[in-house]
Amino acid sequence: MKSQSNKLFEPALVKTALKQSFIKLNPKAMLRNPVMFTVEVGTLIMAYMSFYSFTYTDQGSFIYNVIIFIILLLTLLFANFAEAIAEARGKAQADSLRKTREETPAKVLSKDGSLTTKSSNELRKGDMFVCEPGDTIPTDGEIVEGLATIDESAITGESAPVIREAGGDKSSVTGGTKVLSDKIKVIVTTEPGESFLDKMIALVEGASRQKTPNEIALTILLASFTLIFIIVCVTLKPFANYANTPITIAALISLFVCLIPTTIGGLLSAIGIAGMDRALRANVITKSGRAVETAGDIDVLLLDKTGTITIGNRKATHFWPSIDVLPDDLIKAAVLSSLADETPEGKSIVELAAQSKVSISLKAPEHSEFIKFTAETRSSGINTPEGLEIRKGAFDSMRNLAQRTGNKIPADVEERVKTVSSNGGTPLVVAQNGRILGTIELQDIIKTGIAERFERLRKMGIKTVMVTGDNPLTAKFIAEKAGVDDFIAEAKPEDKMNYIKHEQQEGRLVAMMGDGTNDAPALAQADVGVAMNSGTQAAKEAGNMVDLDNDPTKLIEIVEIGKQLLITRGTLTTFSIANDVAKYFAIVPALFIASIPALQSINIMRLHSPESAILSAVIFNAIIIPLLIPLALKGVEYKPIGASALLRRNLLIYGLGGVIAPFIGIKLIDLVIGLFI
Amino acid sequence: MNSEILGVVASFLITLLIAIPLGKYLAKMFAGEHVWTDFLKPLENGLFKLAGIRPGEPMDWKQFLKAMLTINLLWLVYGFFVLMYQDKLPFNPDGNPGMTADLAFNTIISFVVNCDLQHYSGESGLTYLTQQIIIMFLMFTSAATGIAAAVGLFKAFRDKTTTNLGNFWEFFVKAITRLLLPLSFVVAIVLAFNGTTASYEGKDQFISLQGDTVNVSRGPAAQMIAIKHLGTNGGGWYGVNSAHPLENPSYVTNMVEIISQMIIPMAMILAFGYFIRRKKLGWVIFGVMTVGMFMLMIPTISSELSGNSNLTKMGITQATGAMEGKEVRIGPLATGYWSTLTTIVSTGSVNGMHDSTMPLTGAWQLLGMMINGFFGGCGVGILNYFIYLIIAVFISGLMVGRTPEFLGHKVEAREVKIAALITLLSPFLIMAGTAIAAYLFNNYGDADWAVKPANWLNNPGHHGFSEMLYEFTSANANNGSGFEGLGDNNIFWNVATGFVLILGRFLPIIGPLAIAGLLAKKKYIPESAGTLKIDTVTFGLMTLAVILVLNALSYFPALALGPIAEYFSMK
């Protein structure tokens, strides 16, 4: 899925989009966009004027009227094309995800326990089906019984199989993925056509797309600019009459279309769709456009420690033998006690030992007895036939053991245990026949590059909060090392919830990621809740986004997508309005030069003739839309350099640039037109 | 020349020196903190008791506006009838007649809305009684209304989240007792002692050197001229306003008048910063407004000093600059300075004929009124600027990738809608008004009901267009100055500008206060590194750009056909 083509204009998509551009001319659809609707009205008037000028001569030549009509029509088509291509891209992306869930046979379990084969399309919410190795999972559901390894590469692009099992936080399966081993019983969780993906596709498609709050506010502002220019153009007629200057309808409508913010008006919906599309390309399914926009406003980010900040579980990083113990003895004992230990910690001890110069055998002596970890003993270990009893565990349990067996507790070990703890590590003490040999240091491994990402977030003004079950001391250490701003230690599910509520009360917007049913209330409470696709159905329902990659750092990307979305709208609005300055200097002298020759002085671009000036301005106004489509689709880059610096930068590029660019553009077009008339 | 420049620089510096402490004082006083004028408390408490006002009683934005509108409506009714029947009332030594209904309609609105557009001449159109109990009275109340409204806006942003905009009545009364009355008292005395008339006697007479008998109007003018400037009202005692030698006798009174019309608008901006405990924001706004002021003032002064190019072509030297319509005792520089200030702060008093200024000066005067937010009228200046701020905040908020916030409150569709409507209002009133006038002039030149539009204009052509544009711009800005070549005392202009006046006054007060009320109610969002800070130079420049671009786009065609065409035709 990640290998999706990033080409902006796929020929196939362009074709659909071109067709759509014409269909979207339907005035009913146009009404959604007040700016472009007025252009459509202007185009219709020009269509009439073209006929009119065929027989009468007082409104300029026929050719001139027809050309203006064509340019206005093109302006409309360009704007429609922008929206259509954004839709087409979003749909193509969604379709490629949907393809994974083509019709597959489902082994449906009926109430009496018999199996029947149905098409996946016929599955209803609440149906139960069974999947065996080699089966493709027919639709989204939750495992109710069993455990299986599943290949989710069709969705995530990740080839390593994942384990999904009933009951836990990783109980969801996605349609289109493949069962590799074992047998699972799954309950269908969505009605056909109502999966998150289906909802997302509907969001991209025109009909049910709802404008986001910022989009509505911006539309209002653009509509009011449009109204101002209606006032300007309507009143210009009596003004011109007063100055004894006849103004043709074509000139008046050209002026109007040039002045109203068609650039942003034409691209506005494309920008919004492209935002959702970018989220989808990041393998995030959003349930509303609003969620993407809100992501840009996030102030606080709640991240789970494990998997996000640190790699999976703790790892052994050091062996610390007691003063009178040989390092080799400690390492050998540690390895022996861990051979049967299937926990990641246990494995990491063996790995660490293998890296040391000590030669160790990876096989326990035959007939050894392995002692499993229990909550009571808080230790695990091995009893060998030679009579070695090796235990490793928490310091206090080992101390009890030593005391029971009449061994003393070395002061240096006690000291070491404290240092390790205060360094954020977990000390494991190893004892052989009751004698304490030394300490194994387990440490959380912080992901590489995570500190830089947090730094970036800080520059965006986002506070990062680490959520962990660790004790406060360890949590603090890791938090400092990873560079997060705050942490919740010994976190219970309700702690997350309380933290979110507290931040929200202070007016901040909170985002979090979660997978478990426990997380569901917090996901619902958070302003942006991203559920992992592997998570439980409850979690997925509660959040407003679903991450198909199950990647906890995805939140960072989502925030940037949200910000980009707003920035693109803001900068293109600025650009669009700034363009008007040059257009005035082109059109106003053109309108009045015949009767007020003195106004030639404000024709600072020295445009060829009044007609060419007006044509150049409308042509520039039209072609700037397709020129900016790539920018609208890709989004204006977000740089975390602080709000004021960002504003300066964007003002310079899109504000000042927006004033200057059309002067050059209009002049160039005028030079070309000058060749023909 | 140097002393002329010195005079202007000195005027500006003195204004600044008064405005800064005054701003601090206003912030403290309206916040109810301890200030030295607290000795007036018993007087105020007496007034409150008399009027049944419970000071400190909270008002939400709707109640606040209701109070404001109710009292203003009352004055409208009261003034309308008194003006119509002033001839039947005492203190009319010159026997001046009552006003026609349309003139009374225009005049009373004009003064209630702090505009002071005068379609009459004070000497012959009003009596001493109406000058005082209508005109001067309204000069106090209209200025206090604006100030109270602005303080309501301040109050909205002082606390993190609130529905309380403060008590309108309290602010209103205090604006008069603690600010306008004391200052007017001082200014009136200075003016009276420098030759401004202050007598209740009727016309005086003298025989000129030619042997003609000349009647000279007098009256208790000094006290009115003080509040006329302090309250950014601008309505003159005499028809020619502060160009009249008895209204503005000397360079000293000229300085006093120009300083007094500027101090409250300036102080209010700084007071905003102090009041909401964001001093820097006050200074940034002040900076933007000052830059804007100089952008209008420098070309104005330069075009006035370089004189009339038509006269130059005839070989006439104009050592002192363009002198047509200017008073020799004041000179073109001080007149240019005045003309910029009076148009940006919406006073609208004049010390020379704006109609006679150079074409481009006319354009700057018009633009000053169209923007109407560089310091602006008493209190309302900051309200107008607030609308620009909201639009700037909205666009730049998007540009930095966050839902726009103003002082910790999200700016959303509803606020943008109100701001957009208010932004629309000015171009609509100005351009639609001018368009109708131009249409009547063109097509119904001999319509009797409008006293023959063909005769409206003393100067047809571009300048005539500017005269009509100026009248509507001045009315919408509640400025009150005029390009007096326009024959405006007839039913069309009285009624049309009357409506423009009232809409141009109250909607731009209602809008900002509604936005402020809505914003203040919202949850306060603490600042972070991603929050756009609005008390920075960058944001100041953004606001300035929004103001300039918005106004240039709205008015460029109109300005091009009026003053700009005139300018290029003269070249």
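How many residue pairs, both at pLDDT 80 or more, are in polar contact between chain B and chain A? The count is 13. Keep in mind during the tour that this is a predicted model.

**Stop 1: the side of chain B that touches chain A**

Colour the two chains differently, then select the elements of chain B that give two or more residues to the side touching chain A: helix 14 (380-399), helix 15 (413-443), helix 16 (462-476) and helix 18 (537-570). Helix 18 of chain B supplies the largest share of that side, 17 residues. Now colour this side of chain B by residue class: 42 residues are nonpolar, 16 are polar and 6 are charged.

**Stop 2: the whole interface**

Show both sides together. Here 64 residues of chain B are in contact with 62 residues of chain A. The size of an interface is often given as the accessible area lost when the parts come together. For chain B and chain A, the area buried between them is about 5000 Å², and 76% of it is on carbon and sulfur atoms.

**Stop 3: a salt bridge between the chains**

How many salt bridges are counted between chain B and chain A? The count is 1. To see a salt bridge, select Arg402(B) and Asp299(A) and display their side chains; the closest N and O atoms of this pair are 3.0 Å apart.

**Stop 4: Asn443(B)**

Stay in chain B and select Asn443(B), which is found in helix 15. Is Asn443(B) buried or exposed? Asn443(B) is partly exposed, because its relative accessible area is 43%, and partly exposed covers the range between under 20% (buried) and over 50% (exposed). Next, add Ala454(B), 11 residues from Asn443(B) along the chain, and draw a line between the two C-alpha atoms: the separation is 9.4 Å.

**Stop 5: Arg391(A)**

Move to chain A and select Arg391(A), in strand 15 (residues 389-393). Arg391(A) is buried but has no salt bridge. Its nearest side chain of opposite charge belongs to Glu389(A), 4.5 Å away, and a salt bridge needs the atoms to be within 4 Å.

What does the side chain of Arg391(A) make a polar contact with? Display the side chain of Asn383(A), which is the partner at 3.0 Å. Then show the backbone of Ile382(A): its oxygen lies 3.5 Å from a polar atom of the Arg391(A) side chain.

Finally, display the surroundings. Leaving aside residues up to four places away in sequence, Arg391(A) touches several others, among them Ile371(A), Ser379(A), Met398(A), Leu401(A) and Val430(A).

Conventions: Residues numbered from 1 in each chain as written. Chains lettered and ligands numbered in written order. Predicted model: local features only at pLDDT ≥ 70, side-chain atom pairs only at ≥ 80, totals over all residues. Heavy atoms only, no water. Helix = DSSP H or I, 4+ residues; strand = E, 2+ residues; numbered from the N terminus. Buried < 20%, exposed > 50% of the residue type's maximum accessible area, 1.4 Å probe, protein only. Lys, Arg positive; Asp, Glu negative; His and termini not counted. Polar contact = N/O pair within 3.5 Å; in protein donor to acceptor, adjacent residues only side chain to side chain. Contact = heavy atoms within 4.5 Å. Buried area = accessible area lost by both parts, 1.4 Å probe. Nonpolar A, V, L, I, M, F, W, Y, C, P; charged D, E, K, R; others polar.
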